Amino acid sequence: AYIGIVYSYLPFMVLPLYTNLVKHDHRLLEAAYDLGAKPWKAFLKSQDADVLLLQEVNNSEDLGLKPNFRSMHTLRERLGYPYEYFAAEYLEIDDTDGKAQVGNAVLSKFPIARTNVIEFLPYTEEYHNVPGNYHNCPYNMTHAVIEAPEGELNVFNVHGVWDLNGDNFSPLRQKMSELIIDAVKGKQNVI
């Protein structure tokens, strides 16, 4: 029952994003490319989002690592959001020898008043992110309360649990659905 509720609300999240992207002025992206901006940076800058939610973000301050393993550092440097929160899911051991964490990020133009992390599986320093093991990834849901000019926003960044078979929801995926519903229940201004 909970899974049905989550999936029935999914269009209400996707539709506003779709309508915004449809009316997006693609000339802005073309101009940014012409000036040498990378596609992801050009897109994010052209959207001018007040709040940005990202998943599978690498967080390391080790300048010896490639930029893709220092995503939080790069985003902070290039996009200029004054407020940020990172919720680690696991230690990246396969490609960085444990020098980077992987998790969810919340970037905001407005102050982040409070944060909370709901773990679907506990954080680990021993997870290997390889095919066949994704269903064991310690994904989480990050909740940030943002102080926007119009009032508090309850922002949820859900990095969902994988199932091995999309037709047969695992007990962990059912637990995830229940945790999502419990987390948003009674909250105002949920994104």
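In which sense, and over how many bridges, do strand β5 and β6 pair?

1. In this predicted model, strand β5, which covers residues 140–148, pairs with β6 in the antiparallel sense, and the pairing extends over eight bridges. Within that pairing, Ile146 has Leu153 of β6 as its bridge partner.

2. The two strands belong to an open sheet of three strands, whose order is β4-β5-β6 and whose pairing is antiparallel. The edge strands are β4 (112–119) and β6 (151–158), each of which pairs on one side only. From one strand to the next, the twist averages 15 degrees.

3. Ser108 deserves a separate look, being a residue of strand β3, which spans residues 100–108. Ser108 counts as buried because its relative accessibility is 0%, and a polar atom of its side chain lies 2.7 Å from the backbone oxygen of Phe110. Leaving aside residues up to four places away in sequence, Ser108 touches Asp50, Val51, Tyr81, Pro82, Tyr83 and Ile146; of these, Ile146 is the residue whose bridge partner in β6 is Leu153.

4. Asp50, one of the residues that Ser108 touches, also forms a salt bridge with Lys109, with the closest N and O atoms 3.8 Å apart. Because Asp50 lies in the loop between α3 (39–47) and β1 (51–59), while Lys109 lies in the loop between β3 and β4, this pair ties together parts that are 59 residues apart in sequence. Both partners are partly exposed, Asp50 at 38% relative accessibility and Lys109 with a relative accessible area of 30%.

5. The structure holds four salt bridges, and another of them joins the side chains of Lys99 and Asp62, at 3.9 Å from N to O. This pair, too, links distant parts of the chain, since Lys99 is in the loop between β2 (83–92) and β3 and Asp62 is in the loop between β1 and α4 (71–79), 37 residues apart. Lys99 counts as partly exposed at 47% relative accessibility, and Asp62 likewise counts as partly exposed, at 28%.

6. A further salt bridge brings together the side chains of Lys185 and Asp182, with an N to O distance of 3.5 Å. Here the two partners fall into separate accessibility classes: Lys185 is exposed, having a relative accessible area of 57%, whereas Asp182, with a relative accessible area of 46%, is partly exposed.

Technical notes
Residues are numbered from 1 along each chain as its sequence is written. This is a predicted model: local features need pLDDT of at least 70, side-chain atom pairs count only at pLDDT 80 or more; totals for chains, interfaces and linings use all residues. Side-chain values use heavy atoms; hydrogens and water are left out. Helices (H or I, at least four residues) and strands (E, at least two) are DSSP runs, numbered from the N terminus. Buried means under 20% relative accessible area, exposed over 50%, partly exposed in between (1.4 Å probe, protein chains only). A polar contact is a pair of N or O atoms within 3.5 Å; within protein, one must be able to donate a hydrogen and the other to accept it, and residues adjacent in sequence count only if both atoms are side-chain atoms. Contact means heavy atoms within 4.5 Å. Two strands pair if DSSP finds at least two bridges between them. Axes are lines fitted to C-alpha atoms, for helices over the stretch in contact, and angles run from 0 to 180 degrees between N-to-C directions.
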